[in-house]
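Ready for a few short exercises at the screen? Try each task on your own before you read the solution below it.

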Amino acid sequence: MRLEKYLSDCGIGTRSQCKNYIRQGLVRVNDEVIKNGAVQISRKDAVQFRDEPLVLMENLYYMFHKPAGCICATKDDRQKTVLDYFPKELSKRLFIVGRLDKDTEGLLFLTDDGAFVHRLMSPGKHVEKTYYFKALGKLPENACSMIAAGMDIGDEKPAKPGKLENIRIEEKDLDSAEWISTGHLTICEGRYHQVKRMIKRLECEVFYLKRISIGKIMLDETLQPGEYRALTDEELQMLGMESRK
Ligand code: URA
């Protein structure tokens with residue numbers, strides 16, 4: 001990362017204040033005065049400001065495999081929450097990025113970085129989220145085109161166009177008149193019960209839902225439900241964050 005960003009991430013000042021401090025010769029990297037804010041700094045470099053060593057307070061970014069049965073809330077007296085899966089000291093710092101229903105499984109991000117939440121969640125960003133669903137009923141032949149056209153799901157505005165892929169329709173049991181439809185639905189909004197309501201408009205009822213990706217990031221299938229891990233630098237970059245290296 002650039003030296004000026006490193007200083008401002010350490011809480012020294014705004015980027016332009018830090019640029020000035022660097023120009024004034026107040027910053028040393030590995031004991032050498034550096035006057036160029038664009039110089040790249042890695043974790044291994046020792047940075048000093050006014051002869052005091054700096055410690056970079058890094059933000060936290062986690063990928064969590066949400067199990068069904070817990071809610072996306074920070075605290076609840078009766079129900080298990082997503083944050084109950086994290087140690088107390090850590091959970092105090094974290095925000096949940098977006099919401100999944102209590103019975104939905106899959107990929108969820110947690111962070112202490114408000115800008116990251118904004119980047120992924122603000123309506124103008126249209127970050128794609130893909131869900132695997134199983135639903136009772138037989139999807140109609142024009143299901144993909146209905147989803148692609150943007151459908152009325154009972155809100156003021158129709159849902160934005162989505163993508164329905166990998167559809168399979170099977171009989172529930174041998175000779176039963178009931179059908180199970182499965183598939184992947186990709187949407188770029190995050191309305192309340194959105195996937196369930198879209199599938200319902202296609203005359204099917206979702207009974208299993210799992211989010212498998214957000215943007216280009218896939219749920220790490222080595223994570224069991226209830227487990228989490230830090231997002232890698234590469235994953236953060238794929239989500240549009242600046243490199244921390
Ligand atoms: N759509 C839903 O219906 N539920 C979720 O949890 C996420 C998207």
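Before you start, please note that this is a predicted model.

**Exercise 1. The ligand and its contacts**

Task: Find which residues are around the ligand, and work out which atoms of Asp101, Gln194 and Val195 lie by which ligand atoms.

Solution:

Step 1. List the shell: Leu100, Asp101, Thr104, Tyr131, His193, Gln194, Val195, Lys196 and Leu209.

Step 2. Sort these residues by class. The shell has four nonpolar, three polar and two charged residues.

Step 3. Look at the polar contacts. Asp101 uses its side chain, with a polar atom 2.7 Å from a nitrogen atom of the ligand. Val195 offers a backbone N or O atom, 3.1 Å from a ligand nitrogen. Gln194 also takes part through a backbone N or O atom, which lies 3.4 Å from an oxygen atom of the ligand.

Step 4. Turn to the surface. On its own the ligand has 240 Å² of accessible area, and the protein covers 95% of that.

**Exercise 2. Domains and the ligand shell**

Task: Divide the protein chain into domains, then say which domains each supply at least three residues to the shell around the ligand.

Solution:

Step 1. Mark the bounds: domain 1 is 3–53, domain 2 is 61–123 + 217–238, and domain 3 is 128–214. Notice that domain 2 is written as two stretches of the chain.

Step 2. Place domain 1 relative to domain 2. Their C-alpha centres are 33 Å apart.

Step 3. Assign the shell. Domain 2 and domain 3 each provide at least three of its residues.

**Exercise 3. Helix 6**

Task: Which element gives the most residues to the shell around the ligand, and what covers its buried residues?

Solution:

Step 1. Find the element. Helix 6, residues 194–201, contributes the most to the shell, with three residues.

Step 2. Pick out its buried positions: Gln194, Val195, Lys196, Met198 and Ile199.

Step 3. Recall some helix geometry. An α-helix has 3.6 residues a turn, so residues three or four places apart point the same way.

Step 4. See what lies over the buried residues of helix 6. The cover includes strand 7 (104–111), strand 8, helix 5 (143–149), strand 10 (179–187) and strand 11 (205–214).

**Exercise 4. Buried, partly exposed or exposed?**

Task: Decide whether Leu107, Thr182, Val127 and Cys144 are buried, partly exposed or exposed, and list their contacts beyond four places in sequence.

Solution:

Step 1. Take Leu107, in strand 7. Its relative accessible area is 0%, so Leu107 is buried. It touches Met63, Phe64, Leu100, Arg211, Ile212, Ser213, Ile214, Ile217, Met218 and Leu219. One of these, Leu100, is also a residue of the ligand shell.

Step 2. Move to Thr182, in strand 10. Its value of 13% is under the 20% cut-off, so Thr182 is buried. Its contacts are Tyr132, Phe133, Lys134, Asn166, Ile167 and Arg168.

Step 3. Try a loop residue. Val127 sits between helix 4 (114–121) and strand 8 (129–136). At 14% relative accessibility, Val127 counts as buried despite its place in a loop. It is in contact with Arg119, Leu120, Ile187, Cys188, Ile214 and Gly215. Val117 is 10 residues away along the chain, and its C-alpha atom is 12 Å from that of Val127.

Step 4. Finish with Cys144, in helix 5. At 32% relative accessibility, Cys144 is partly exposed. Its contacts are Leu164 and Ile167. Lys157 is 13 residues from Cys144 along the chain, with 19 Å between the C-alpha atoms.

**Exercise 5. Positive phi outside glycine**

Task: Locate Asn30 and Glu203, and give the phi angle of Asn30 and of Glu203.

Solution:

Step 1. Find Asn30 in the loop between strand 1 (27–29) and strand 2 (32–33). Although not a glycine, Asn30 has a positive phi of about 50°. It counts as partly exposed, at 44% relative accessibility.

Step 2. Follow the chain to Glu203, just after helix 6, in the loop that leads to strand 11. Its phi is near 65°, again a positive value in a residue other than glycine.

Step 3. Check the accessibility of Glu203. With a relative accessible area of 67%, Glu203 is exposed.

Technical notes. Residues numbered from 1 in each chain as written. Predicted model: local features only at pLDDT ≥ 70, side-chain atom pairs only at ≥ 80, totals over all residues. Heavy atoms only, no water. Domains from an automatic or database assignment. Near = heavy atom within 4 Å. Polar contact = N/O pair within 3.5 Å; in protein donor to acceptor, adjacent residues only side chain to side chain. Areas by Shrake-Rupley, 256 points an atom, 1.4 Å probe, with all protein chains shown as cover. Helix = DSSP H or I, 4+ residues; strand = E, 2+ residues; numbered from the N terminus. Nonpolar A, V, L, I, M, F, W, Y, C, P; charged D, E, K, R; others polar. Buried < 20%, exposed > 50% of the residue type's maximum accessible area, 1.4 Å probe, protein only. Contact = heavy atoms within 4.5 Å.
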